[in-house]
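Me: I am new to this structure and should be grateful for a close look at a single part of it, namely its pockets and what lines them. Please also describe the aromatic pairs.

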Amino acid sequence: MINDYPNCTYHGCDIVNATSKVLNANQFTFSYGNVVKGLPYADNTFDFVHMRLLILALRKEEWPIAIKEVIRVIKPGGMLQLTEAHLKLPDDTSCAYYKLVSAFKAVAHSKGQDMDIAKELEDMLSVNRNVSIMQSECRWCRSNSGTLAAKKLIWDGVEIAKSTMSSIKPLLGVDSEEGALKFLDDLNYCLTHTECYFRARSVTAQKL
């Protein structure tokens with residue numbers, strides 16, 4: 001976005017600093033903050049706010065709080081965009097992708113999180129009378145399509161599984177390092193050769 005709109009200023013905010021260490025952008029500023037406890041910005045600060053991929057960060061009851069907070073920091077007439085993954089279980093219950101998504105859903109449920117929250121984004125925004133929904137859209141990518149997007153998503157999926165393996169091993173039926181490596185290989189093969197889907201939903205609203 002910085003390359004497309006070089007005359008704008010940008011602010012990133014998260015509870016950890018996950019910005020690129022090779023990013024060289026004078027118009028970018030990072031701040032630490034928690035969207036549930038309150039963002040470190042004054043009311044009506046930004047023209048555009050994008051919030052994404054928090055399904056494993058927010059409990060279900062925290063979503064309305066987070067949405068009100070991001071609306072607070074947007075200028076009247078400004079825009080808000082929410083984007084969340086919407087994972088769908090494949091029909092084949094024996095495949096590695098089914099096992100992975102099932103494990104994530106189980107962990108999320110145990111923490112009070114909702115892996116299907118993407119379906120509720122529009123409704124959660126609509127209850128706020130100071131915003132108007134402008135667009136709501138779901139896009140999907142078939143994992144075995146061979147496209148560049150599919151290849152990138154497969155890499156992301158395998159890396160996410162690798163980084164969370166220590167927590168989800170029991171849910172996957174994995175009890176050794178060799179078993180973990182085999183599961184990752186099976187997951188890569190499954191996503192590359194069978195019909196699995198990555199989906200994401202985005203909702204855009206304007207602050208009145």
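Reply: The account below takes the pockets in turn and then goes on to the aromatic pairs. The model is a predicted one.

The largest pocket encloses about 1800 Å³ of space. Its lining is made up of 41 residues, and those closest to the centre are His-11, Gly-12, Cys-13, His-50 and Met-51. Three strands, β1 (10–14), β2 (28–32) and β3 (46–52), each bring at least two residues to this lining. Of the contributors, β3 gives the most, with 7 residues. In chemical character, the lining of the largest pocket divides into 25 nonpolar, 10 polar and 6 charged residues.

The second largest pocket has a volume of about 900 Å³. It is lined by 33 residues, of which Leu-53, Ile-55, Ala-85, Leu-87 and Ile-160 lie closest to its centre. Both helices and strands take part in this lining: α2 (96–110), α4 (148–172) and α5 (177–193), together with β4 (74–85), β5 (131–142) and β6 (197–207), each supply at least two residues. The largest share comes from α4, which provides 9 residues. The lining of the second largest pocket consists of 22 nonpolar, 6 polar and 5 charged residues.

The aromatic rings may be considered next. Across the whole structure, a search finds 4 aromatic pairs. One of them joins Tyr-41 and Phe-46, whose ring centres are 4.9 Å apart; because their planes meet at 85°, and an angle over 60 degrees counts as edge-to-face, the pair is assigned to that class. Tyr-41 has a relative accessibility of 15% and therefore counts as buried, the limit being under 20%. Phe-46 likewise counts as buried, because its relative accessibility is 15%.

Another aromatic pair is formed by Tyr-97 and Phe-198, which is edge-to-face, with 5.9 Å from centre to centre and 65° between the planes. This pair links distant parts of the chain, since Tyr-97 belongs to helix α2 and Phe-198 to strand β6, 101 residues apart. Tyr-97 and Phe-198 are both buried. The two elements that hold this pair, α2 and β6, are also among those that each supply at least two residues to the lining of the second largest pocket.

Terms used:
Residues numbered from 1 in each chain as written. Predicted model: local features only at pLDDT ≥ 70, side-chain atom pairs only at ≥ 80, totals over all residues. Heavy atoms only, no water. 1 Å grid on protein atoms, 1.4 Å probe; cavity = no way out; pocket = protein on both sides within 12 Å on 5 of 7 lines; lining within 4 Å. Points joined across faces, edges and corners; volume = space filled by probe spheres on them. Helix = DSSP H or I, 4+ residues; strand = E, 2+ residues; numbered from the N terminus. Nonpolar A, V, L, I, M, F, W, Y, C, P; charged D, E, K, R; others polar. Phe/Tyr/Trp six-rings, centres within 6.5 Å; stacked < 30°, edge-to-face > 60°. Buried < 20%, exposed > 50% of the residue type's maximum accessible area, 1.4 Å probe, protein only.
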